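Here's a quick look at the surface of this one, with an eye on greasy spots and charged pairs. Have the model open as you read.

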Amino acid sequence: MSSPRLNSHALALNVSAYLLWASAALLFKQLEHLPAWLVLAQRILWSLLFCGLILLLYRGRTALAELGALLRTPRQLAWLPLSSLLIASRCASVSACSAPA
């Protein structure tokens, strides 16, 4: 069994995640006038910087060493373009589905 304190913490995290997700619709409504590629490029750039900052804060320099080792492994490196294409196709399909007729 988990403690009530852990349950309330999990509930708070869950509610905050739902609120952030719901507020994303308001944000994208404000960005309608911008080209989709620009929004996508900004999301990629800021996500990369934010994730890098989180890695550095939580793992320190070992995270950079692990990332360097990952990028030097040809088999792992080969999966990056495929994953990028899958993510881009999802974003493109969402953009196409929500475009005004």
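A residue counts as buried under 20% relative accessible area, as exposed over 50%, and as partly exposed in between. Keep in mind that this is a predicted model.

Take Leu-77, which sits in helix α4. Its relative accessible area is 37%, so Leu-77 is partly exposed.

Leu-77 has company, too. Together with Leu-56, Leu-64, Leu-67, Leu-70, Leu-71 and Leu-80, it makes up a nonpolar patch on the surface, with about 560 Å² of accessible area between them. Two elements give two or more residues each to this patch: α3 (61-71) and α4 (74-97). Which of them supplies the largest share? That would be α3, with four residues.

Now for the charged side chains. Side chains of opposite charge can pair when their charged atoms come close. Here you'll find two salt bridges in the structure:

| Salt bridge | N to O distance |
|---|---|
| Lys-29 and Glu-32 | 3.4 Å |
| Arg-59 and Glu-66 | 2.7 Å |

How covered are the partners? In the first pair listed, Lys-29 and Glu-32 are both exposed. In the other, Glu-66 has a relative accessible area of 41%, which makes it partly exposed. Its partner Arg-59 is at 42% relative accessibility, so Arg-59 counts as partly exposed as well.

Conventions:
Residues numbered from 1 in each chain as written. Predicted model: local features only at pLDDT ≥ 70, side-chain atom pairs only at ≥ 80, totals over all residues. Heavy atoms only, no water. Patch = residues over 30% accessible without salt bridge, like charges linked within 9 Å, V, L, I, M, F, W, Y side chains within 5 Å. Areas by Shrake-Rupley, 256 points an atom, 1.4 Å probe, with all protein chains shown as cover. Salt bridge = Lys/Arg side-chain N within 4 Å of Asp/Glu carboxyl O. Buried < 20%, exposed > 50% of the residue type's maximum accessible area, 1.4 Å probe, protein only.
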